[in-house]
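Reader: Hey, I'm new to this one. Can you walk me through it?

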Amino acid sequence: MKQFSINNTFALGGWVTPTGDLLNEKTFKDIAESGINLLFCSIVPRNDFEGVKKFAGYSEKYGLKVVLDVTEVAEDDFDEKDFLIRLDFYKKTSCIIGLSLGDEPGLKSIPKIEKAAKYLRKIKGDLFLYLNNLPIYATKEQLNGGWWTPEAKELENKEYDEFIDEMTARSGVDVLSYDHYPFRGNPGESDPRYFVQLSLTREIAEKYNLPLFNFTQVTSWKKGEVRNTTVAEISCLCGTSVCYGVTGLVYFCCCTPASGVEQFEKAMIDEYGNKTESFYSVKAVNERLKTVFDCIFGAERKGIIVAGRCFAEVPEKDRIQSFGDLKKIEGDGFIVGCFEKKHSEIYLIVNVSVCSDNVIKLKFDNNSEKRIYLAESESLSEDGLVVSVEAGGFVVVVDKQESYEKNRVAD
């Protein structure tokens, strides 16, 4: 499965981005401060091309990359002449790196998307093609172009698998992306198919040799159904995604969407341009992710070891019992993502208990030859390494001879 990076770290995306009064330099400066490096522009280019130019200008200044909406290409009233003028601007503007064919399209959209992708591939240059897919808990109505409702029947795993496979094959995208917002009720309560979703989409991404992106739940959607998340939950979602090979994380939402029937809570930046608690949560997680990426970029994913209980079931086919020189794990509420890089083992350890700090004991063949990053605390004894990991947090264990000092946060 391919990996994806921007400026030598994960693609850290923002969904719902500055428009209207927020389309100003301060907002883009704040977004860059959060560690986000990729913006999915919320301005529709054919409706406001001047706004897109302004958006690109601020993004360029603050080192942010941009993906633009090109859903017009698949529409019946597509104006090719006007589009080609805009496309010429996109190809000449260094911060613009991708073109989006849509968000959560259903089955009926596939023929139009396929036609649009074939057309774009001939003229897009180095820009990558993107679309965001429905989650595994989508309903049959959504698959046919309708809206999600809480009482509607969700798709079966096989139905979803077949849909994502067909959409990926026929759309010809360069990145496989989906959204999934697992935290619904009280802290720690999750959609039961969270890891099933990760597993299934990872397999499709590997089949088509694509990088895998997914959305990280930050902001509520339809008040009462999906809620704002805690920093521990945000961290846990990012850590577990990386364990499955995700290298593109998209935060929902960056800027607070306009209120309507869905009634969103405050996002990272509120409707007045103020930074919220969620902003600082995402910033803290992004700072830690830089260290993780520095350690595992270019590594081959080998599988997941599960220690104790998780907030959702990890599929048996994704589990391994041991890896490398890690001989024993004692702890409850952890998953360990196992990676190999140049014959060296790397372990990404995630505390999936999002409500409590936890301790894990790791027994290696030679404990003194290991280096730990991002741990709250650690100790070494004859029995092994004892590591304290904050709620929802993650740590990385590498061979001591490996050097990852560039983005190192903690030792």
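Author: What follows is a chat about pockets, cores and a few single residues. This is a predicted model, where local features need pLDDT of at least 70, side-chain atom pairs count only at pLDDT 80 or more, and totals for chains, interfaces and linings use all residues. Residues are numbered from 1 along each chain as its sequence is written, and side-chain values use heavy atoms, with hydrogens and water left out.

Reader: Okay, pockets. What volume does the largest pocket have?

Author: About 1200 Å³. A pocket here is an open set of points on a 1 Å grid over the protein atoms alone, with protein on both sides within 12 Å along at least five of seven lines, and lining residues have an atom within 4 Å of a point. A volume is the space filled by probe spheres set on the points, which are joined across faces, edges and corners.

Reader: Which residues are closest to its centre?

Author: Trp15, Gly102, Asp103, Glu104 and Trp147, out of 46 that line the largest pocket.

Reader: And which element gives the most to that lining?

Author: Strand β4, with four residues. Strands (E, at least two residues) and helices (H or I, at least four) are DSSP runs, numbered from the N terminus. The lining of the largest pocket divides into 26 nonpolar, ten polar and ten charged residues. For those classes, Ala, Val, Leu, Ile, Met, Phe, Trp, Tyr, Cys and Pro count as nonpolar, Asp, Glu, Lys and Arg as charged, and the others, Gly among them, as polar.

Reader: What about the second largest pocket, how much space lies in it?

Author: About 240 Å³. It is lined by 14 residues, and those closest to its centre are Thr19, Thr256, Pro257, Ala258 and Glu271.

Reader: Switching topic: how many residues has the largest nonpolar core?

Author: It has 123, and Leu101, Tyr251 and Leu289 have the most contacts inside it. Helix α9 (residues 277-296) gives the most to this core, with eight residues. Such a core is a set of buried Ala, Val, Leu, Ile, Met, Phe, Trp, Tyr and Cys residues joined through side-chain atoms within 4.5 Å. Buried means under 20% relative accessible area (1.4 Å probe, protein chains only).

Reader: What does Leu101 touch?

Author: Leaving aside neighbours within four places in sequence, Leu101 is in contact (heavy atoms within 4.5 Å) with several residues, including Val70, Ile113, Leu131 and Val173. Apart from that core lies another of 19 residues, among them Ile305 and Val389.

Reader: Now Arg202: buried or exposed?

Author: Arg202 counts as buried because its relative accessibility is 7%. It sits in helix α7 (residues 194-207). The side chains of Arg202 and Asp318 are joined by a polar contact of 2.9 Å. That term means a pair of N or O atoms within 3.5 Å; within protein, one must be able to donate a hydrogen and the other to accept it, and residues adjacent in sequence count only if both atoms are side-chain atoms.

Reader: Where is Gly392 found?

Author: In the loop between β16 (384-389) and β17 (394-399). Gly392 is buried too, with a relative accessible area of 0%.

Reader: Last one: what lines the largest cavity?

Author: Tyr178, His180, Tyr194, Asn214, Phe215, Leu237 and Ser241 line it. A cavity is a set of grid points where a 1.4 Å probe fits but cannot get out. The largest cavity has a volume of about 50 Å³, and its lining has four nonpolar, three polar and no charged residues.

Methods. Buried means under 20% relative accessible area, exposed over 50%, partly exposed in between (1.4 Å probe, protein chains only).
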